[in-house]
Amino acid sequence: MKIESNIPAGPLESKWTQYKSKVPLVSPANKRKLDVIVVGSGLAGASAAASLGELGYNVSCFTFHDSPRRAHSIAAQGGINAAKNYMNDGDSVYRLFYDTIKGGDYRAREANVYRLAEVSAAIIDQAVAQGVPFAREYGGLLENRSFGGVQVSRTFYARGQTGQQLLIGAYQSLSRQIGLGNVKMYNRHEMLELVLVDGKAKGIIVRNLITGKIQRFGAHCVVLATGGYGNVFYLSTNAMGCNTTAIWKAVKKGAFMGNPCYTQIHPTCIPVSGDYQSKLTLMSESLRNDGRVWVPAKKEDAEAIRQGKKMANDIAESDRDYFLERRYPAFGNLVPRDVASRAAKVECDKGLGVSPTGLAVYLDFGAAIRRYGKSKANVLGLHEPDEKTIVRLGEEVVSEKYGNLFEMYEKITGENPYHTPMKIYPAVHYTMGGLWVDYNLETNIPGLFAIGEANFSDHGANRLGASALMQGLADGYFVLPYTIGNYLSAEIRSPKVDTTHPAFDEAESKVSQQIQQLLNIKGKQSVESFHRRLGKIMWDHCGMARNEEGLKQARQAIRALREEFWKDVYVPGKAGEFNPEIEKAGRVMDFMELGELMVVDALHRRESCGGHFREEYQTEEGETLRDDQEFNYVAAWQWTDLNKDPELFKEKLEYEFVKIASRSYK
Ligand SMILES: Cc1cc2nc3c(=O)[nH]c(=O)nc-3n(C[C@H](O)[C@H](O)[C@H](O)COP(=O)(O)OP(=O)(O)OC[C@H]3O[C@@H](n4cnc5c(N)ncnc54)[C@H](O)[C@@H]3O)c2cc1C
């Protein structure tokens, strides 16, 4: 099978404009006859469902949450990128495009990334029109800050709650369409199967999570906006409910899974503190605008800190190693996440970690507090302020910028980050892999679309900070509303989908049987315990650093764990009732299959790129070593059978406009 990305011909800058001018349209009268299912109501799903409803399609939108506002998107903290160049610091659509391609270690599709950069500015206008309260500077313009991997300030933000504010904006638009009757919202419904009729996506099977009832829904096409699968690692910064089930069911129906092993490990998270922790907390990348990352330069100081004999503030300036500034002078503390994470690991591996576990480095605001304090004193006309005043004023400025993040840190750790540096360590945060989609955001299954974090597109092997919100909203507000017409214009003669079709019977009975099978095992171990063990295998062998031997071991270990699961898992309760353990069991079952595919993907990619760091392939300085001859492609995997190897299809990445180079932030 040939894998076809359907990228329009022509110059990079005009591909999307040309596409939009020529894409077949669906007339308003026909739109009213066409049904669209959107699964997911996070930023990608809510924006898509609202936009498609506004266009006149009949939309049914599903979420397992009790409200669209509970989607994981609400957790997004630091901001959203857009090439507005409000700071007049040299930004442009091209620069955002280029930064994203380079940030992704030259493993993303040029045409998609350029389109993303192109529509980025419109997202901000849309959000402002909805009333999203972005931070503003004194003159009234929207304020910007920097994120990793860039040298301009293009990140729009609403304190550390950008996702929440954007989601409320998207939810308002969605609610309007619900009110008008264009969108029917199904909260607390979980998609458990995809239905194909004559090879096309025509519906889904869902479980009503309140009653346990299994239901079927048909439509002319299905859009999956179901988020990322970082929770395959058990411990991650993702919301607890994030899972892979929807996209995994699509994979098992023949959809390609793109680059499954590309996982983002975020450098600034609150470190793991014990064996029974079930969640990790992000400290936004925005903090690296002002926070300086360091470890003690001397091992004996690190040891004394770990034993509680010394504190961070006891270490003299000359005995600190600001290792990101030292190794990457051009980008300093704002190197991309994969680079910063690996650098922190290197220091901890050397024995310089600063928490009792040895797995933490400092993120220090001391210098920023003093810098801002002096500047604020100047503004207030205090020409020779004393130390106390400088610190007080500086803390006020820092609090305005990052107050809620500092509060969150203090609540969780009991330490005041204004007075002592934060301790941070990398943690799983985002999955660049996802369902393979073409330029239309359509998978290889006709009529099945994937948007937001659920697809693989745009970020290559590493996502730059503040680009996920940009992509999810670009997909939902501005891209899918055009590209879906390309498919639906050919569906206008298709009647309403008949959910009594045998394909629905088969899919529904498969779902019911699987649930019953899980309940019947009546083993001794909890679902949670299997999830935790899977996460450990994934983190140890397919996490921040991977190697051939470890990956091979991981594959065996996952298979053995899966076997044990099917013999000894205990799922309490019954099927036809509210039963969160059934929900969890289904998700962990899917994670165990996906985990193996991630390992297979990581094993086959004998190079290092972005978040995929194979220890065997690194430069003398410990940087990623790509192999552009062999691996300059998207790995699109097709599922075969549990005990067989998946089949690999390669989408070659053609770089027509950017010259591939080794990625340097020095
Ligand atoms: C702590 C944290 C902070 C972040 N901060 C930023 C930031 O500042 N800037 C940035 O750009 N990115 C950030 N990100 C990343 C960003 O938040 C996510 O990538 C993005 O919000 C994903 O949006 P989404 O709409 O694709 O998915 P989600 O928001 O995860 O939504 C998924 C939706 O799908 C539904 N769903 C899933 N499976 C099913 C199913 N089987 N049946 C029914 N419904 C289903 C869920 O109920 C939900 O409605 C952050 C991520 C984390 C973890």
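Among contacts in the protein chain between residues at least 6 apart in sequence, what percentage join residues at least 24 apart? The figure is 74%. Keep that in mind while walking through this model, which is predicted.

Start with the whole chain. The protein chain holds 18 helices and 21 strands. Its radius of gyration is 25 Å, and the globule rule gives 26 Å for 666 residues, so the chain is as compact as a globular protein of that length. Along its principal axes, the C-alpha trace spans about 80 × 55 × 50 Å. Of the 666 residues, 53% count as buried.

Next, the domains. The chain is divided into domain 1, residues 275–428, and domain 2, residues 502–628. Their C-alpha centres lie 34 Å apart. The two domains do touch: 6 residues of domain 1 and 5 residues of domain 2 make the contact. On the domain 1 side, helix α10 (residues 337–349) gives the most, with 5 residues. By class, that side of domain 1 has 3 charged, 2 nonpolar and 1 polar residues.

Now look at one of the sheets. Five strands form an open sheet, in the order β11-β15-β14-β12-β13. The pairing is antiparallel. At the edges sit β11 (263–269) and β13 (320–321), each of which pairs on one side only. Take the β11 edge. Strands β11 and β15 run antiparallel and are joined by 5 bridges. One residue pair to find on screen is Thr263 and its bridge partner in β15, Thr431.

Strand β15 leads on to the ligand. β15 (422–431) is among the elements that give two or more residues to the shell around the ligand. The others are the helices α3 (43–55), α6 (162–180), α7 (245–252) and α13 (467–488), together with strand β6 (189–197). Which element gives the most to this shell? It is α13, with 4 residues.

The shell counts 44 residues around the ligand. Those that come nearest are Gly40, Gly42, Ser73, Gly227 and Gly452. How does the shell divide by class into nonpolar, polar and charged residues? It has 23 polar, 19 nonpolar and 2 charged residues.

To retrace the route on screen, begin at Thr263 and cross to its bridge partner Thr431 in β15. From β15, go on to the shell around the ligand, to which this strand gives two or more residues. Finish at the residues that come nearest to the ligand, including Gly40 and Ser73.

Definitions and conventions. Residues numbered from 1 in each chain as written. Predicted model: local features only at pLDDT ≥ 70, side-chain atom pairs only at ≥ 80, totals over all residues. Near = placed C-beta within 6 Å. Nonpolar A, V, L, I, M, F, W, Y, C, P; charged D, E, K, R; others polar. Domains from an automatic or database assignment. Contact = placed C-beta atoms within 7 Å. Rg over C-alpha atoms; globule rule 2.2 N^0.38 Å. Buried ≥ 20, exposed ≤ 12 C-beta atoms within 10 Å, placed from the backbone. Pairing = 2+ DSSP bridges.
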